[in-house]
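Here is a short round of questions on a protein model. Each answer sets a value against its criterion.

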Amino acid sequence: MFELFLPMLERLGIIVTVAFIITRFRFFRELIDKKTLDSGQQFMAVVFFGVFGIIGTYTGITYNTDSLDFGRWAFNLGESEALANSRVIGIVAAGLFGGYRIGIGAGVIAGLHRFSLGGFTGLACGISAVVAGLLAGLFHKKDRPLKLTTALLVGALAETVQMGIILLTASPFSRAWGLVQEIGLPMIAANGVGAALFLLIIRNVLHEEEKVGALQAQKALKLAESTVSHLRKGLSAQSAGQACRIIYEEVDVSAISMTDKNDILAHVGLADDHHKSGVPIQTDATKQVIRDGKMAIAGHEEIHCQTAGCPLGAAVIAPLMKRQEVVGTLKFYVRSEKDISNVLIELIQGLSALLSQQLELADAERAQELAREAEVKALQAQVNPHFLFNSLNVIVSLTRTEPDRARSLLIALSKFFRQNLNATRKTWITLEEELKHVKAYLLIEETRFVDRLHVYYDVDEAALTARIAPLTLQPLVENCMKHGIKDQDGEAVIRISVKAEEDGVRVSIEDNGTGIDPERLETLGTDYVDSHNGTGFGIYNVNRRLEHMHGKGSTLSIKSEHGAGTEITFLLPVERQEITR
């Protein structure tokens, strides 16, 4: 019995080889990842594990029950011969990884082959191969990782069941009993260990690959984070040069290069004395990547360097994309093609994808900035031209009777339009600056309406350092003038309140005008509103900008009663502010 242990353990070397090979197959990776296989992959899995079982049969050790001698390899068996083998490992692996269908399929293939070899245990071994696949399938857990102890126990159990089937079906019983006594324990132990070893090797190989992939992903993310401030400015010679220098310090390559669709933007590393920025692209492989949008590897001849003794022997070239269109390339140069590893290829693929996203973000941010400017210009366009003409007429009428007042109004008008012009160049201003803009506007309006318009300010000085988008208050105040109090007969009142609160700065604009119709109030600020005297565009635009720049908690709150005035309030969150108390 014990002289069989060492030869059986020697056969486990085959398991190591097969376990490594199987990790190269896509269908097996799908099994490991607990994904559903299509019919073609299932068939491939059945065939592979079935062949694995056949290999385990052929590498078995023959045992002659008459002479009690062990042979070396099994091809044909005599009537008194049987096999000590590792066939069950492949079948058990099929059931544990793929379930009972793949396990039974592999068992049928390996079992039929074993039956064809003959011997007095041929039928018993054929049946036990199918039973082993079914048994292993019962331990298959799709939603749980496979444990080594499970593989060990199922491998040993499957072999134990095979010994039992041999005793039940093989004849004569005395020969079967002698066989089981001789090979039973070594096979149970060897196949249990073999099943666990098979799983251990696969797990370690895949784990190492995942570890390498994770490290490369981490490095790609780190590089992307380091280059984000540069590439978000767009793909230019300056941004490409800064990004290439950062990447070159972290990646073990000879040189890093970036191009647009026509020229080399930057080259950092070896051969930078003749691989210079601003030179048209010469490498055919680079031009091919720009045309096809697929990564390519260029050898020494394909680099087309005209300088003798150039140390750059090969390059990996990946496309840089924006909105599914190639806008340039990222190139890793090495000394020779043998220095191009799978790790390097995966790194440049991941990094080029991240850099492409940064370039898209640069475009998106630029588009957002243009949209913001367009919104501000749209708000500027909302300033009624009649306001300018009326203001000038008032100033002209005062130049002789009240020259000092006319001068003050002219200064106020100048400040008002200067603020309008500055609004396109600033993203944020202080609430104090915005309030000055509103005061300039209302000073002119108070003069126009003589004693009919009264403006009251209730301002917390500590809140004036809060930041706000330009042209936020003026459209709201103008809305009070145009739609609230312009045509009313009595005195018109506008109250502007700015208060520092625990959660931010509360801004309120209130008038005693005609109010807003309920049906119009429902959509005011959230959509354009058709009416005989306006579209509500100014309030809608202000509301959008407040939400975009301060969050949903800052959107306009409008309270109004027909004939009783309107109050518009909003909150500037405290986390965006620097309020001095």
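**Sheet, helix pair and two loops**

Q: What makes β9 and β11 a strand pair, and in which sense do they run?
A: In this predicted model, β9 and strand β11 (residues 492-501) share 7 bridges in the parallel sense. Pairing requires at least two bridges. With 7 bridges, β9 and β11 count as paired. Within this pair, V459 stands opposite V498 in β11.

Q: What is the strand order of the open sheet?
A: The order is β9-β11-β12-β14-β13, 5 strands with mixed pairing.

Q: Why are β9 and β13 called edge strands?
A: β9 (453-459) and β13 (557-561) each pair on one side only. The average twist is 10° from one strand to the next.

Q: Which helix packs on the sheet, and which strands are touched?
A: Helix α16 (residues 431-448) does, touching β9, β11, β12 (504-511) and β14 (565-573). Contact here is heavy atoms within 4.5 Å.

Q: What makes α16 and β9 roughly antiparallel in direction?
A: Their directions make about 165°. The cut-off for roughly antiparallel is over 145 degrees. So α16 and β9 count as roughly antiparallel.

Q: How do you know that α5 and α6 are roughly antiparallel, not oblique?
A: Helix α5 (residues 87-98) and helix α6 (residues 100-116) cross at roughly 165°. Angles over 145 degrees count as roughly antiparallel, and that makes α5 roughly antiparallel to α6. Their axes come within 6 Å. The crossing is right-handed.

Q: Which residues of α5 and α6 meet?
A: From α5 come R87, I91, A94, G95 and G98. They meet Y100, I102, G103, A106, G107, A110 and R114 in α6.

Q: How many residues of each class does the contact of α5 with α6 have?
A: There are 6 nonpolar, 4 polar and 2 charged residues. Gly counts as polar in this scheme. G95 and G98 in α5 and G103 and G107 in α6 are therefore in the polar class.

Q: Why is A271 called buried?
A: Its relative accessible area is 7%. Buried means under 20%, so A271 qualifies. The residue is found in the loop between β4 (264-269) and α11 (284-292).

Q: What is the phi of A271?
A: The phi of A271 is positive, about 70°, although A271 is not a glycine.

Q: What is the omega of the cis peptide bond between S171 and P172?
A: Omega is about 0° for this bond. P172 is found in the loop between α8 (148-169) and α9 (173-231).

Definitions and conventions. Residues are numbered from 1 along each chain as its sequence is written. This is a predicted model: local features need pLDDT of at least 70, side-chain atom pairs count only at pLDDT 80 or more; totals for chains, interfaces and linings use all residues. Side-chain values use heavy atoms; hydrogens and water are left out. Helices (H or I, at least four residues) and strands (E, at least two) are DSSP runs, numbered from the N terminus. Buried means under 20% relative accessible area, exposed over 50%, partly exposed in between (1.4 Å probe, protein chains only). Axes are lines fitted to C-alpha atoms, for helices over the stretch in contact, and angles run from 0 to 180 degrees between N-to-C directions. Angles under 35 degrees count as roughly parallel, over 145 as roughly antiparallel, 65 to 115 as roughly perpendicular and the rest as oblique. A crossing is left-handed if the near helix is turned anticlockwise from the far one by less than a right angle, and right-handed if clockwise.
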